[in-house]
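Have the model open and ready to rotate. We'll take a walk through it, one helix or strand at a time.

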Amino acid sequence: MDETKEQCLGVQQLKGSSRKTVIKSGIFMSYRFCSHTKDKLSDIVNKSKVVVFMKGVPENPRCGFSNAVVQILRMHGVEYDSYNVLDDEKLRQGIKEFSNWPTIPQVFINGEFVGGCDILMQLHQNGELIEELKKVNITSALLKNENTQ
């Protein structure tokens with residue numbers, strides 16, 4: 001089987017490819033990451049101070065890890081843009097390639113990849129998330145609550 005028509009972040013049937021492959025319906029498939037997609041994702045992560053790629057939406061997270069990220073950001077009173085990767089397989093695979101991180105959710109602050117649920121939880125627990133937010137002129141609601149007591 002020869003490589004089919006290449007599509008930007010589209011599915012390709014491959015034989016002997018060195019690209020990452022997944023099996024879907026018994027056919028080896030691969031996702032090709034192209035510069036157009038990289039530019040689009042770069043625009044998305046730089047559009048807002050905080051951007052989250054998650055399963056579901058903040059009002060209805062579709063996995064526990066996405067829910068944990070939503071709850072952490074809610075505690076800090078952070079406004080953010082979110083993108084539901086379950087709605088778009090190209091987005092789901094593209095963001096993994098873009099960040100070089102294999103799992104969802106993914107959090108970006110000021111265009112920089114911070115990490116997933118585990119890293120955000122660690123930053124929250126050790127107080128470093130407050131400092132990261134300060135760097136982009138976001139004051140955590142936890143500090144506001146502390147100052148009013």
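Let's start with Lys 135, which is exposed because its relative accessible area is 60%, over the 50% cut-off. Keep in mind as you look that this is a predicted model. The side chain of Lys 135 meets that of Glu 132 in a salt bridge, at 3.0 Å from N to O. Glu 132 is partly exposed, with a relative accessible area of 26%. Why can these two find each other? Lys 135 and Glu 132 sit three residues apart in helix 5, so about one helical turn separates them. An α-helix has 3.6 residues a turn, so residues three or four places apart point the same way. Side chains of opposite charge can then pair when their charged atoms come close.

Helix 5 (residues 128–135) repeats the arrangement with Glu 131 and Lys 134, again three residues apart, about one turn of the helix. Their closest N and O atoms are 3.5 Å apart, and the pair forms a salt bridge. Both partners are partly exposed: Glu 131 has a relative accessible area of 41%, and Lys 134 one of 43%. Two salt bridges is the total for the structure.

Now swing over to helix 2 (residues 64–75). Its 12 residues, at 1.5 Å a residue, should span 16 Å, and the end C-alpha atoms are indeed 16 Å apart, so expectation and model agree. Ser 66, Ala 68, Val 69, Val 70, Ile 72 and Leu 73 are buried in this helix. And what do the buried residues of helix 2 pack against? The list runs to strand 4 (50–54), strand 6 (60–61), strand 8 (106–109), helix 4 (117–125) and helix 5, the helix with the salt bridges we started from. After helix 2 comes Gly 77, with a positive phi near 70°.

Helix 3 (residues 89–99) is next. At its N-terminal end, Asp 88 acts as a cap, with a side-chain oxygen 2.9 Å from the backbone nitrogen of Lys 90. Just past the helix, Asn 100 takes a positive phi of about 60°. In between, the buried residues are Leu 91, Gln 93, Gly 94, Ile 95 and Ser 99.

How does helix 3 sit relative to helix 1 (residues 35–47)? Their axes come within 10 Å and cross at roughly 85°, so the two helices are roughly perpendicular to each other. Lys 38, Leu 41, Ser 42 and Val 45 supply the helix 1 side of the contact, while Leu 91, Gly 94, Ile 95 and Phe 98 supply the helix 3 side.

Finally, look at Gln 106 in strand 8. Is it buried or exposed? Gln 106 has a relative accessible area of 0%, so it is buried. Its side chain still has polar company: a polar atom of that side chain lies 3.1 Å from the backbone oxygen of Trp 101, and the side chain also reaches the backbone oxygen of Thr 103 at 3.1 Å. Gln 106 touches residues including Val 51, Val 52 and Phe 53, along with Ile 95, Ser 99 and Gly 115.

That last neighbour, Gly 115, belongs to strand 9 (residues 112–115), and at 1% relative accessibility it counts as buried. Besides Gln 106, Gly 115 touches Pro 105 and Val 107. Its C-alpha atom is 7.9 Å from that of Trp 101, 14 residues away along the chain.

Note on methods:
Residues numbered from 1 in each chain as written. Predicted model: local features only at pLDDT ≥ 70, side-chain atom pairs only at ≥ 80, totals over all residues. Heavy atoms only, no water. Salt bridge = Lys/Arg side-chain N within 4 Å of Asp/Glu carboxyl O. Helix = DSSP H or I, 4+ residues; strand = E, 2+ residues; numbered from the N terminus. Buried < 20%, exposed > 50% of the residue type's maximum accessible area, 1.4 Å probe, protein only. Polar contact = N/O pair within 3.5 Å; in protein donor to acceptor, adjacent residues only side chain to side chain. Expected span 1.5 Å × (residues − 1). Contact = heavy atoms within 4.5 Å. Axes fitted to C-alpha atoms, helices over the stretch in contact; angles between N-to-C directions. Parallel < 35°, antiparallel > 145°, perpendicular 65-115°, else oblique.
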